2 protein chains.
Amino acid sequence: VAPPLRALAIAQDRLSEKRLFDRLRIPTTHYAPVDTRAALLRAVREIGLPGVLKTRRMGYDGKGQAVIRTLDDADAAWQAMGSVPLLYEGFIPFDYEVSCIAVRGRDAALAFYPLSRNVHHAGILRVTLAPWRNATLQRAAQRYLRAVLTDLNYVGVLAVEFFVRRGRLLANEMAPRVHNSGHWTIEGAATSQFENHLRAIAGLPLGATTARGHAGMINLIGSVPGKKALLAHPDLHLHDYGKTPRPGRKVGHLTLMAPSGAGRNDRIRSLVKSLYPELGRII
Amino acid sequence: VAPPLRALAIAQDRLSEKRLFDRLRIPTTHYAPVDTRAALLRAVREIGLPGVLKTRRMGYDGKGQAVIRTLDDADAAWQAMGSVPLLYEGFIPFDYEVSCIAVRGRDAALAFYPLSRNVHHAGILRVTLAPWRNATLQRAAQRYLRAVLTDLNYVGVLAVEFFVRRGRLLANEMAPRVHNSGHWTIEGAATSQFENHLRAIAGLPLGATTARGHAGMINLIGSVPGKKALLAHPDLHLHDYGKTPRPGRKVGHLTLMAPSGAGRNDRIRSLVKSLYPELGRII
């Protein structure tokens, strides 16, 4: 199987993905495959409550997931989802989430973007702050991504999302493609993730992944808010995907550039407060 | 006539353009309209030699121009070009060339990019260095562009090219559109000239025109050189227009980003030396 297809096959099945992380000694959540009701009860007993029952395939943006807090929840989730292969994972009370985007060339050259700090809500990525400077986490993330990309003999951009708990990374999932948490690289990095993906697959040298300033990205969910008010914010850039508005749909994103991380955080906090108050305090 | 059409009509006729500069007290070259052989000889006598005979319409990239050094040149040029309306201009022994790109919103808001220093060869723009910092020239350029944009009640991006002679600006020509000497703004400015043109015509607030780092742009003429060698240069970005190669044709451009103006100049000099040695010492 060609390397990109192998990466896809693995990333499309949460069980293969977890096994890859295990094999490469990348810390991840406790998990167990669930194909029968008995297997689910055994997994709940061994891994504990609360946990999350997930379909092994076709899950994205929080779809195909059920939080299990009680044995009754487990029964209900089994009724609803039991017709397809499942995975039970222990729930991680994480401190926050980050992702790392890396790119590997056809000549095996590697480049890593600075970490992004991500805020999800109801399973959907809502906000990314990048670069998120933490030398220890950056080093660990790069070690893990290097292992994944090399093992898969991968070419192109690949992202891994991590939970951060007590200053350590736990791999959540990987995405063998340009990633929503890397959209900030369009304005915020020397070379965007899109340009680097094209360079990689075309066999060209990779471009610099260094950050330029401090970026904050907000996904536009449902519909694009009034453009006039948005674009009055200095150094804010609107990406309108031209999609039909629909509740919960990603229809665009904003990238705000600021000269400092603290300034960026303040401005993103205030934008989120006015656009999406339901997110509460994001950072 | 709607404002953009008026700007187009003026910019499409070198004589109207010169008259606009005169009316707005924007220094420009000496000129005279030429519709007869006698008028050409009179213009040469009054303005002097050397000079440039230009078609009033349809000239670009040095096409439709003849340098006049002697009365014999004038005769030959009249034979070749005399069937269409012409303009005779005094030749300016300028020190270098700059352009200023400005944008005006539907609400009359104005924004100006930092000056670009431009290098032409055989009438074709070859290299742009931006920002080109010179507070006196920047101030003068902005005053002139403000006058043009306001007079025309223009909406969108407009560029004016200037000769610099003894520290003063002389308007050469204007372009009522996004301009080749502003391509550096894609990587090198907070908001690109393209984004700002769209913001302007859509009635949205204009984006920041501040430079981010120091950009050097090289037009790719004739064909795109080997991409692998080009993209190995750090923080160099290739824009391939996908055009059929043809001698003299602009088929793409490179933008190189550097942390300092001096570093940018050094790297552009060395790139030009290897790609287009015929340009000689560009700066």
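B:Asp13 is a good place to start in this predicted model: with a relative accessible area of 4%, B:Asp13 counts as buried. What does its side chain meet? B:Asp13 pairs with B:Arg56 in a salt bridge, 2.7 Å from N to O. B:Asp13 sits in the loop between helix H1 (3–11) and helix H2 (14–23) of chain B, while B:Arg56 is in the loop between strand S2 (51–55) and strand S3 (65–68), so this salt bridge links parts of the chain that are 43 residues apart. B:Arg56 is buried too, because its relative accessible area is 18% and the cut-off for buried is under 20%.

**More charged pairs**

Over all chains, the structure holds 22 salt bridges. In chain A, one of them joins A:Glu89 and A:Lys54, whose closest N and O atoms are 2.8 Å apart. A:Glu89 belongs to strand S4 (residues 86–90) and A:Lys54 to strand S2 (residues 51–55), so the two tie together parts of chain A that are 35 residues apart in sequence. Both A:Glu89 and A:Lys54 are buried.

Back in chain B, B:Asp151 and B:Arg23 form a salt bridge at 2.9 Å, N to O. This one links helix H5 (residues 135–152), home of B:Asp151, to helix H2, home of B:Arg23, across 128 residues. Here the partners are partly exposed: B:Asp151 has a relative accessible area of 24%, and B:Arg23 comes in at 48%. Over in chain A, salt bridges that share partners make one network of A:Arg6, A:Arg23 and A:Asp151.

Here are the three pairs side by side.

| Salt bridge | N to O distance | Apart in sequence |
|---|---|---|
| B:Arg56 and B:Asp13 | 2.7 Å | 43 residues |
| A:Glu89 and A:Lys54 | 2.8 Å | 35 residues |
| B:Asp151 and B:Arg23 | 2.9 Å | 128 residues |

**Around the S10–H6 loop of chain A**

Is A:Ser181 buried or exposed? A:Ser181 is buried, at a relative accessible area of 0%. This serine lies in the loop between strand S10 (168–175) and helix H6 (185–188) of chain A. Its side chain makes a polar contact of 2.6 Å with that of A:Ser99. Leaving aside residues up to four places away in sequence, A:Ser181 touches A:Ser99, A:Ile101, A:Ser116, A:Asn118, A:Leu125 and A:Thr128.

Now for the rings: there are eight aromatic pairs over all chains. One of them is A:Tyr113 with A:Trp184, an edge-to-face pair at 6.3 Å centre to centre with 80° between the planes. A:Trp184 is in the loop between S10 and H6, and A:Tyr113 is in the loop between strand S6 (110–112) and strand S7 (116–121), so the pair ties together parts of chain A that are 71 residues apart in sequence. A:Tyr113 and A:Trp184 are both buried.

**Where the chains meet**

At the interface, 18 residues of chain B are in contact with 18 residues of chain A. The buried area is about 1,500 Å², with carbon and sulfur atoms giving 52% of it. How many salt bridges cross between chain B and chain A? The rule finds zero. Polar contacts do cross, though, with 11 residue pairs found (both residues at pLDDT 80 or more).

On chain B's side, helix H7 (193–201), helix H8 (227–231) and strand S12 (236–240) each supply at least two residues. H8(B) gives the most, with three residues. By class, the side of chain B that touches chain A has eight nonpolar, three polar and seven charged residues.

Technical notes: Residues numbered from 1 in each chain as written. Chains lettered and ligands numbered in written order. Predicted model: local features only at pLDDT ≥ 70, side-chain atom pairs only at ≥ 80, totals over all residues. Heavy atoms only, no water. Contact = heavy atoms within 4.5 Å. Buried area = accessible area lost by both parts, 1.4 Å probe. Salt bridge = Lys/Arg side-chain N within 4 Å of Asp/Glu carboxyl O. Polar contact = N/O pair within 3.5 Å; in protein donor to acceptor, adjacent residues only side chain to side chain. Helix = DSSP H or I, 4+ residues; strand = E, 2+ residues; numbered from the N terminus. Nonpolar A, V, L, I, M, F, W, Y, C, P; charged D, E, K, R; others polar. Buried < 20%, exposed > 50% of the residue type's maximum accessible area, 1.4 Å probe, protein only. Phe/Tyr/Trp six-rings, centres within 6.5 Å; stacked < 30°, edge-to-face > 60°.
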